[in-house]
Amino acid sequence: MIRLTAETPKTSYVEKPRTFADLRASIAAGSLKAVDLASGYYDRIAAVSPKLNIYLSLTKERAMEQAAGVDALAAKGDPLPPLAGIPVGIKDVLVMQGAPATAGSKILEGYRPPYDATVVERLEAAGAVLLGKLNCDEFAMGSSNENSAYGPVRNPVDPERVPGGSSGGSAAAVAANLAVATLGTDTGGSIRQPASFCGVVGVLPTYGRVSRYGLIAFASSLDRIGPLAANVRDAATVLSVIAGHDAKDATSSPAAVPDYAAESDKSVTEIGKAGLRIGVPAEYFAEGLDLGVREAIEKGIDALRAAGCEIKPVSLPHTRYAIPSYYLVAPAEASANLARFDGVRYGHRSANSATLSAMYSHSRDEGFGAEVKRRILLGTYALSAGYYDAYYLKAQQVRRLLAEEFLRAFAEVDAIVTPTAPTAAFKLGEKTGDPLAMYLADIYTVTASLAGICGVTVPCGATAAGLPVGMQVLARHFDEATAFRVARAVEAAGI
């Protein structure tokens, strides 16, 4: 969590939550009731969320029933599940039975799904208390959370700045202590970048590590669900709960799920003994990287060196092609996925239509925002006859090269560390008129997304203005444990 400095803006809503271990111990001992904890969070949400526009809807009745169940277990002295009584927020692209699921879009206003996402089921089975649905960029398309049809989320560190996107509400909720942990989704950096901007921990699991059943899709080969929390161990605990095979998702992996929290504990005493090799790619420290961000990341690298890690240069030369490749692949998949929103089955239906085809057109025009329309058009163009081979196919070939490049790098090192974003959080409205500048905010995160590998963003100091900086720790496929160990070491350094 970001430590406030003299330069930190005075209008700050940052408040560090208690850890999972602390809360569970208090609930088990009877000194804290889960229902009282949940009620306290709802009081804070009522006071703070309207100022930052973080929650879109609350699920109080369901949450209080879950909390009462946890208290009943504690009263009987039964063993408590890993997330017993922990207040958690859910990004509004994940469905919960009976709760609004808008995906930040007017086209889904009023939609209440009849089922729970797999990750929602697993959180509740582990005892989590789900507080409500969090604001996000429309259909998870954005880098600043300014594309939500329900207004932008404000950064708790400085409300005049963006929290990052698309999981800006998820990151801001943790930073402002409106939830102890949250779930977000990451397609091209949408967990990691807002985690960096808000000074919290964000996890990108390996593609297939977490079931996507119940996720309102943006780009199916890129979308991933992951946790955000105030510290590495808590984020690792949530990932252990939500990860694992799901028969409802054909892309979910059957690989065994480690105890990620226990794995992260090893960093404090074993990272030096293990002789971990940490790669530093020059391509991520080139022109365009803010000086304050560079200095913070270099301090983090020095801390890893001091902890006993071997720091090695690595090369990822195809990084420069990641942004154009991503913004062909992702919009192409979005154009297909969003074709289902046509005013027929659910969501917004235009009343200003005399024919069926006009109803399709008007419903989509009235329901979708500018950024979603832009990406649908880009994707449709890239997939059209005469352009498929020149654009979409070429982008997929570059994607394969990026994946192979990471595999070669991981043959030499155990993890790779980079800045998460080229700058700290920027001002609201600063980049809304320049989509290309906004897309470049993802320049350091889309590579891992395209390659399918895992990563963790961990707070790594602040700029001179007191704005959080996040270090991105990348690891090979299904090696989240190593990413957590390295992130814990950076966290322990107290930069």
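User: Helices here are DSSP runs of H or I, at least four residues long, numbered from the N terminus. With that settled, what phi does Gly494 take just after α16?
Analyst: This is a predicted model. In it, Gly494 has a positive phi of about 65 degrees, directly following α16.

User: How far apart are the end C-alpha atoms of α16?
Analyst: They are 20 Å apart. Helix α16 covers residues 480-493, and at 1.5 Å a residue its 14 residues should span 20 Å, so the two values agree.

User: Is α16 largely enclosed or not, and why?
Analyst: Largely enclosed by the rest of the structure, because eleven of its 14 residues are buried. Buried means under 20% relative accessible area.

User: Which ones are buried?
Analyst: Glu480, Ala481, Thr482, Ala483, Phe484, Arg485, Val486, Ala487, Arg488, Ala489 and Val490.

User: Switching to β6. How many of its residues are buried?
Analyst: Six of six, across residues 224-229.

User: And which residues sit on each face?
Analyst: Arg224, Gly226 and Leu228 lie on one side of β6, with Ile225, Pro227 and Ala229 on the other. Both faces are covered.

User: What about pairing with β4: parallel or antiparallel, and over how many bridges?
Analyst: Antiparallel, over six bridges, with β4 being residues 181-186. Ala181 stands opposite Ala229 of β6.

User: How many bridges join β5 to β6?
Analyst: Two, and those strands also run antiparallel. Strand β5 is residues 201-204.

User: Which residue in β6 is the bridge partner of Val201?
Analyst: Ala229. That residue of β6 also faces Ala181.

Conventions:
Residues are numbered from 1 along each chain as its sequence is written. This is a predicted model: local features need pLDDT of at least 70, side-chain atom pairs count only at pLDDT 80 or more; totals for chains, interfaces and linings use all residues. Side-chain values use heavy atoms; hydrogens and water are left out. Buried means under 20% relative accessible area, exposed over 50%, partly exposed in between (1.4 Å probe, protein chains only). Two strands pair if DSSP finds at least two bridges between them. The expected span of a helix is 1.5 Å times one less than its number of residues.
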